[in-house]
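Subject: Structure for your review

Dear colleague,

Please find below the sequence and structure that I am handing over to you. My findings follow directly after it.

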Amino acid sequence: VDAAGSVIAEQRDIRPDQLIATGKTLLAQKPEGAKVLGVGVALSPDDGITFQEVQAAFAPLTVLANADSATAATAERLIGAGDRDGGFVSILVTRSGVRAGLSIGGRPFHGMHGFAGGIGAMRTGQSRAPLAEGLSPDRLDAAIAACNDPEAAVADWAREAADHLLDAVVAISGVVVAALIVIGGDLPDAAVDAVVSEILAAPV
C-alpha cells in the first residue's frame, strides 16, 4: 500500500512457506521511483515463520511484525467497522489454526503474557474437538470434494462448524462484552455466511 492507503499490489491465499517470496514479488511491483518505507508482516504462531527470518529476508528495510489476529483487529478498527462501544473481536480462521484479535477501548489486547486470543485449542461442540478442527478450511475442502452437491456440502459443514463456533463466542463473551464479532481468514464468504446463519437460528 502507499502512504494514502491505496493498494498497489496484492496476492491472496498464499501458504506460510510462500510468505517471503510473495513479499519480494509484491515489492518488485512498486511504481518506478517510489521509495519503500518498510515492510509490515502479520505472523501466526502456528505458521512456523519467525520474525528474525522475515527481518533477514528483507534487510536492510525496516520490518514491523505483529500477530495476524491482532493485525486483523487493528485493520478492522482503522478501515473496517471502526471503534465500537465495548470493543470487538476479530476471529481469524486460517489453514494453520483459529485465533482471535481483541480490540478494547480502541486498543489491541494481547493479555499479560501475550497469549490472549489463542482460542484454536479450545474444546468445543458436542464432539469436544478443538475449535481449529471444527472450523478447518481443509475439512471444508474435503467435504466439497467428496460431494456431488457443493452447496449441500457447505451447508452440512456449516451446521457442525456453527456448533463449535457458538461455544467459542459464548466463552469469549464471558471475558469481553463485544459489540461486534468479525469472522475472516481462509474460509470462503459463502461458508462464513452459512455458519453465521446457523448460529443466528440456534435456540438460545
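I begin with a salt bridge between aspartate 141 and arginine 95, in which the closest N and O atoms are 3.0 Å apart. Because aspartate 141 belongs to helix H5 (residues 137-145) and arginine 95 to the loop between S3 and S4, this pair ties together parts that are 46 residues apart in sequence. Please bear in mind that the model is a predicted one. Aspartate 141 is partly exposed, its relative accessible area being 36%, and arginine 95 is likewise partly exposed at 37% relative accessibility. A network of salt bridges links Arg95, Asp138 and Asp141.

In total, the count of salt bridges comes to 7. Another of these joins the side chains of arginine 128 and aspartate 167, at 3.2 Å from N to O. This pair also links distant parts of the chain, with arginine 128 in the loop between S6 and S7 and aspartate 167 in helix H6, 39 residues apart. Arginine 128 has a relative accessible area of 43% and is therefore partly exposed, since this value falls between the limits of 20% and 50%. Aspartate 167 is partly exposed as well, at 28%. A further salt bridge brings together the side chains of aspartate 17 and arginine 15, at 3.1 Å from N to O. Here aspartate 17 counts as exposed, with 57% relative accessibility, whereas arginine 15 is partly exposed at 48%.

Two points of backbone geometry deserve a note. Arginine 128 has a phi near 55 degrees, a positive value in a residue other than glycine; the loop that holds arginine 128 runs between strand S6 (123-124) and strand S7 (129-130). The peptide bond from alanine 59 to proline 60 is cis, with omega near 10 degrees. Proline 60 sits in the loop between helix H2 (51-58) and strand S2 (63-67).

Helix H6 comprises 24 residues (150-173), for which a span of 34 Å is expected at 1.5 Å a residue; the C-alpha atoms at its ends are 33 Å apart, in agreement with that figure. H6 nevertheless has a kink of about 25 degrees, centred on alanine 161. At the start of H6, a side-chain oxygen of aspartate 149 comes to within 3.2 Å of the backbone nitrogen of glutamate 151. Buried residues of H6 include Trp157, Ala161, His164, Leu165 and Ile172.

Which residues have the most contacts inside the largest nonpolar core? They are Ile91, Val98, Ile119, Leu135, Trp157, Leu165 and Val195, in a core of 25 residues. Strand S3 (88-94), strand S4 (97-104), H6 and helix H7 (189-201) each supply at least two residues of this core. H6 gives the most, with 9 residues. When neighbours within four places in sequence are left aside, isoleucine 119 is in contact with Ile91, Val98, Arg99, Ala100, Leu131 and Ile172. There is also a second, separate core of 7 residues, among them Val39, Val41, Ile49 and Val63.

Taken together, H6 appears in several of these findings: the kink centred on alanine 161, the 9 residues given to the largest core, and the salt bridge from aspartate 167 to arginine 128.

With kind regards

Key:
Residues are numbered from 1 along each chain as its sequence is written. This is a predicted model: local features need pLDDT of at least 70, side-chain atom pairs count only at pLDDT 80 or more; totals for chains, interfaces and linings use all residues. Side-chain values use heavy atoms; hydrogens and water are left out. Helices (H or I, at least four residues) and strands (E, at least two) are DSSP runs, numbered from the N terminus. The expected span of a helix is 1.5 Å times one less than its number of residues. The bend at a residue is the angle between axes fitted to the seven residues ending there and the seven starting there. Buried means under 20% relative accessible area, exposed over 50%, partly exposed in between (1.4 Å probe, protein chains only). A polar contact is a pair of N or O atoms within 3.5 Å; within protein, one must be able to donate a hydrogen and the other to accept it, and residues adjacent in sequence count only if both atoms are side-chain atoms. A nonpolar core is a set of buried Ala, Val, Leu, Ile, Met, Phe, Trp, Tyr and Cys residues joined through side-chain atoms within 4.5 Å. Contact means heavy atoms within 4.5 Å. A salt bridge is a side-chain nitrogen of Lys or Arg within 4 Å of a carboxyl oxygen of Asp or Glu.
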